[in-house]
Amino acid sequence: MGSEVVGMEAEVTQKVPEVVCEAAGQEDAAGTEQASLTDGESTSAQPAAVSNGEESDEGKEMVEVKIIWNKNKYDLKIPLDGTGAKLKEKIHTLTGLPPAMQKVMYKGLLPEDKTLREIKVTNGAKIMVVGSTINDVLAVNTPKEVIQQEVKAEENKKEPLCRQKQHRKVLDKGKPDDVMPSIKGAKVLCKMNLSGMYNKSGGKVRLTFKLEQDQLWIGTKERTEKIPMGSIKNVVTEPIEGHEDYHMMAFQLGPTEASQYWVYWVPAQFVDAIKDTVLGKWQYF
């Protein structure tokens, strides 16, 4: 029994060094692995430069080109055996213009699958780039609703017609002494003849509706203009500020607003009937 214990102790004593040795071997392996990793890290610092296109291009035949985009010029050095697709990636780095939005021109549209050598790009070559950044596209493609709202807001900022200088000088004269009475809020068919109004020059004016001839006669002291109702493009009206029972009214006689003939102090109850008659909605008074 004693000899068995001694034998076991000897056996244990012999096995322990193996364990220690194995652990030491692991430490050595870990050290070697760590050293290898450290060496790998020191060499992996190099690829950072590779991503900038420097070290990876070492030993390759290079070509220097000038990239022209959006009135800006960029000098670029790139491998002659690089493809058009690679060139687009470089242009993206320089300009921020995504490859998918680039149109690259060199003796025509640059093919992405061919190398610069194949399309005979030489040193000093000028390569034109056309395209817009995503921000530029978003700025241009503003929704129509937004644009319409902006236009409407701008129109709302405009001062009323009756405050504009060209109309103010007539309105400041006050009502004509023979102005026709107004019935505020009433909407009745107008008479055949309306008088007691001013025109833009401040002279007296009368309107005569010749329905049988389909004409509007605009009469002043000097002459009478006989205008076919079908030639009147539009009728514009606006209540006179402070005298809302009277309107200022324009008959557009031509294609532009410059052809408008203005009449002031039109009684409010006649306005709708005049517009409907002149523009052809109804043909009687």
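This briefing walks through a protein chain, from its overall make-up down to single residues. The model is a predicted one. The chain has 285 residues, and buried residues make up 30% of them. Its secondary structure comes to six helices and 11 strands.

**The chain as a whole**

- Start with the outside: the protein chain exposes about 18600 Å², and carbon and sulfur atoms supply 53% of that area.
- Now think about how the chain meets itself: of the contacts between residues at least 6 apart in sequence, 49% join residues at least 24 apart.

**The second largest pocket**

- This pocket has a volume of about 190 Å³.
- Its lining is made of 13 residues, and N199, T220, R223, E225 and Y261 lie nearest the centre.
- Sorted by class, the lining holds four nonpolar, four polar and five charged residues.

**N199, a residue of the pocket lining**

- N199 sits in strand β5, which covers residues 193–199.
- Is N199 buried or exposed? With a relative accessible area of 9%, N199 is buried, because buried means under 20%.
- Leaving aside residues up to four places away in sequence, N199 touches V170, V205, T220, Y261, W262 and Y264. Two of these names, T220 and Y261, also appear among the residues nearest the pocket centre.
- The side chain of N199 makes a polar contact of 2.9 Å with the side chain of S201.

**T208 in strand β6**

- Strand β6 runs over residues 204–210, and T208 is part of it.
- T208 is buried, at a relative accessible area of 12%.
- Which residues does T208 touch, not counting those up to four places away in sequence? They are M192, N193, Q215, L216 and W217.
- With N193, the link is a polar contact between the two side chains, at 3.0 Å.
- M192 is 16 residues from T208 in sequence, while in space their C-alpha atoms are 5.8 Å apart.

**Y74 in strand β2**

- Y74 belongs to strand β2, residues 72–79.
- Beyond residues up to four places away in sequence, Y74 touches V65, K66, I67, W69, L94 and T95.
- For one of these, L94, the gap is 20 residues in sequence and 7.5 Å in space, C-alpha to C-alpha.

**Helix α6 and its surroundings**

- Why can helix α6 be called largely enclosed by the rest of the structure? Helix α6 spans residues 268–278, and eight of its 11 residues are buried, so it is largely enclosed.
- The buried residues of α6 are A268, Q269, F270, V271, A273, I274, T277 and V278.
- An α-helix has 3.6 residues a turn, so residues three or four places apart point the same way. You can keep this in mind while looking along the helix in the structure.
- The cover over the buried residues of α6 includes strands β5, β6, β9 (234–240), β10 (243–252) and β11 (260–267). You have already met β5 as the strand of N199 and β6 as the strand of T208.
- Just after α6 comes G280, which takes a positive phi of about 90°.

**Two positive phi angles outside glycine**

- K120 is a residue other than glycine with a positive phi, near 60°. K120 lies in the loop between β3 (103–105) and β4 (125–130).
- K120 is exposed, with a relative accessible area of 58%; the cut-off for exposed is over 50%.
- W265 also has a positive phi without being glycine, with a value near 70°. W265 is found in strand β11, one of the strands that help cover the buried residues of α6.
- W265 is buried, with a relative accessible area of 2%.

**Q252 in strand β10**

- Q252 is located in strand β10, another strand that helps cover α6's buried residues.
- At 10% relative accessibility, Q252 counts as buried.
- Where does the side chain of Q252 reach? The side chain reaches the backbone oxygen of G254, at 3.1 Å.
- Setting aside residues up to four places away in sequence, Q252 touches S231, I232, K233, N234, E257, S259 and Q260.

How values were computed. Residues numbered from 1 in each chain as written. Predicted model: local features only at pLDDT ≥ 70, side-chain atom pairs only at ≥ 80, totals over all residues. Heavy atoms only, no water. 1 Å grid on protein atoms, 1.4 Å probe; cavity = no way out; pocket = protein on both sides within 12 Å on 5 of 7 lines; lining within 4 Å. Points joined across faces, edges and corners; volume = space filled by probe spheres on them. Nonpolar A, V, L, I, M, F, W, Y, C, P; charged D, E, K, R; others polar. Helix = DSSP H or I, 4+ residues; strand = E, 2+ residues; numbered from the N terminus. Buried < 20%, exposed > 50% of the residue type's maximum accessible area, 1.4 Å probe, protein only. Contact = heavy atoms within 4.5 Å. Areas by Shrake-Rupley, 256 points an atom, 1.4 Å probe, with all protein chains shown as cover. Polar contact = N/O pair within 3.5 Å; in protein donor to acceptor, adjacent residues only side chain to side chain.
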